[in-house]
Structures are given as structure tokens and as C-alpha cells.
Amino acid sequence: MNLNEIKRYSRQLILPDFGTKQQLRLKQAKVAVTGAGGLGCPVSTYLALAGVGEIHLFDFDRVELSNLNRQFLYTPEQQGRLKAEAAAERLMEINPEIKVEAVCEKITYDNAFELLKGYSAIVDGTDNFAVRYAVNDAAAVLRIPLFHGAALMYEGRAMSIIPGETACFRCVFPEPPPAGMVPTCREAGILGSVVGIVGAIQATEAIRYLAGLEIGLKNSLLIINVETMSFDKVRVHRRQECTACGEKFVPKPVDEVCAVATDEQEV
Ligand SMILES: [Zn+2]
């Protein structure tokens, strides 16, 4: 670590259980953040601030004015720009000690297994069932830890998935809900601070995991409701017959029609 890094990370380096060894583990990590929207903004910001050495931001969407109640990495002047590129630039301004790359490609069931190879962890910030299941199945097959998050209206959810150890997203939800059952944020709305809470939780779990510390959302689905400000941890279990992480992998692409329109990927 150089002198700037030691100063920059000094407040976390003095934490109990955290030191140079943990910081170097973060520096050596290469993390994929899928989606540079409402969840992707807080997730990638906190990963960057903590000193995750390499962050790859996956998003093919462009900045719109309606994103700006929650997607704080963007400005009105950046409308029409590719989010992943704008966010990568901003994050490297915030922390010049790390590398952030934009991947402006759409993740599908066909390419996820190839695109997500080689990462230390994946933090999922998509709100599209087709992509979410593709990312889950790829992470399970590639045996990459996955930090799940979702938010809608006044509710949020988070869960940490460690391959071979914990339930995956498909263990808990084997199939996506029927088309039209779950509204999108475009239809139902989303409060910016709610994605902030969920994204910060996902990033915290990923940072602690990458640093080699214990994490709290293994085999647990955290359900947050900000109307009552309740945080409930629901115990979840691995299923041997899970088509993603069970005894036999069975590819199960989720139909995009059943998911949502492309611009809903933003969360
Ligand atoms: Zn599973």
C-alpha cells in the first residue's frame, strides 16, 4: 500500500479485526456489479470507497432524468450517456487508487456464464427476473459468491449466497413470479433512500466477505420495510434438487416477457 492508501483507509484499518491484511485482500479482489442503477450506485460507491481493487460495472442502459431520485452517480447533464461509463469515470475520480471498468453489454442467460467468469464476487443490482436468474445460475455454476439485493416501493431485500455453503436465490425462489404479478419500479415507484439501504447492506456483506470476515446474511433473507422500519431475517435453506446449485445443474433461462421491459433493469 502506498502512503495515500494508508491515509485514505486509515479509519477502517484501525477497526477491530480489520488491518493491512484485510485491506490487501480487498485490493486484490475483482468484483462484478450487475446493474449501475438504484442499487448499483450505492453498491459500487461503497466498494470503491472501501478499496476493492477492481470493479466491473455491467449496464447497457443510458442515464434518464427519472433515474435521478436515486441514482446519485449521475447528473442531469449526463442524460443519454451510458450509465456504466459515466459511473466508472465518477468512481475513479472518487478513488483514484482503484480500477473501474464499464461493461456496456446486456447480460443474458446465454452469455452470463462466460461474462461472469473469474470474479472474486458478484453483487447483483438488477431488478429484472431474466437477468437475476441468469446471474444466480452463473454464480452457482462458476462457484462465485453472490450478494443479492432487490427493492421496490418501501421494501427491500438482501441475501448473501456462498456457493457450496448456503442457499442460492433459486433454492428460495425456484421460479420467477408469473408475468405481471410483481410490478416494476416504473409502475409502483421506489424511494431513493430504500435502494440506498439495500445497496449499502449488499456492499457491507461483500466487503466483509472479501476481507475474510464473518457475514450475517448467509442462509438468511433480510426483508426490510421502511413504513414500519422493520428488518426481518427469514431463515432459508439449500435444496438438493435446486436446478442451479443442487446435485445436477439444469439450465433454466427465464423468459424476458415474464420479466420486465429493458429499462426496468435500472431498479
Ligand atoms: Zn440453489
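**Group meeting: the sheet, its helices and the core**

Good morning. I begin with one pair of strands in this predicted model. Strand β6, residues 155-161, is joined to strand β7, residues 220-225, by 4 bridges, and the two run antiparallel. Within this pair, Ala 158 stands opposite Leu 222 of β7. Packed on the sheet is helix α10, residues 192-211, which touches β1, β4, β5, β6 and β7. The direction of α10 makes about 175 degrees with that of β5.

Let me continue to the other neighbour of β7. Strands β7 and β8 are also antiparallel, with 6 bridges between them. One bridge pairs Ser 220 with Arg 235 in β8. The hairpin of β7 and β8 has 4 residues between the strands, and Met 229 adopts a positive phi there, near 50 degrees.

I turn now to the sheet as a whole. It is an open sheet of 8 strands with mixed pairing, in the order β3-β2-β1-β4-β5-β6-β7-β8. At its edges are β3, residues 99-103, and β8, residues 230-235, each of which pairs on one side only. On average, and with direction ignored, neighbouring strands of this sheet are turned by 15 degrees against each other.

A further helix deserves mention. Helix α7, residues 129-142, lies across β1 (30-34), β4 (121-124), β5 (146-152) and β6. Relative to β4, α7 runs at about 165 degrees.

Next, the nonpolar core. Which residues touch the most other members of the largest nonpolar core? They are Val 31 and Ala 121, in a core of 75 residues. Helix α10 supplies the largest share of this core, with 10 residues. Leaving aside residues up to four places away in sequence, Ala 121 touches Ala 29, Val 31, Ile 144, Pro 145, Phe 147, Ala 206, Tyr 209 and Leu 210.

Finally, the chain overall. Its secondary structure amounts to 10 helices and 8 strands. Of the 267 residues, 44% are buried. Among contacts between residues at least 6 apart in sequence, 70% join residues at least 24 apart. Along the principal axes, the C-alpha atoms fill a box of roughly 55 × 45 × 40 Å. The radius of gyration is 17 Å, which agrees with the value near 18 Å that a compact globule of 267 residues would have.

Thank you; I welcome your comments.

How values were computed
Residues numbered from 1 in each chain as written. Predicted model: local features only at pLDDT ≥ 70, side-chain atom pairs only at ≥ 80, totals over all residues. Pairing = 2+ DSSP bridges. Axes fitted to C-alpha atoms, helices over the stretch in contact; angles between N-to-C directions. Contact = placed C-beta atoms within 7 Å. Core = buried A, V, L, I, M, F, W, Y, C linked by C-beta atoms within 7 Å. Buried ≥ 20, exposed ≤ 12 C-beta atoms within 10 Å, placed from the backbone. Rg over C-alpha atoms; globule rule 2.2 N^0.38 Å.
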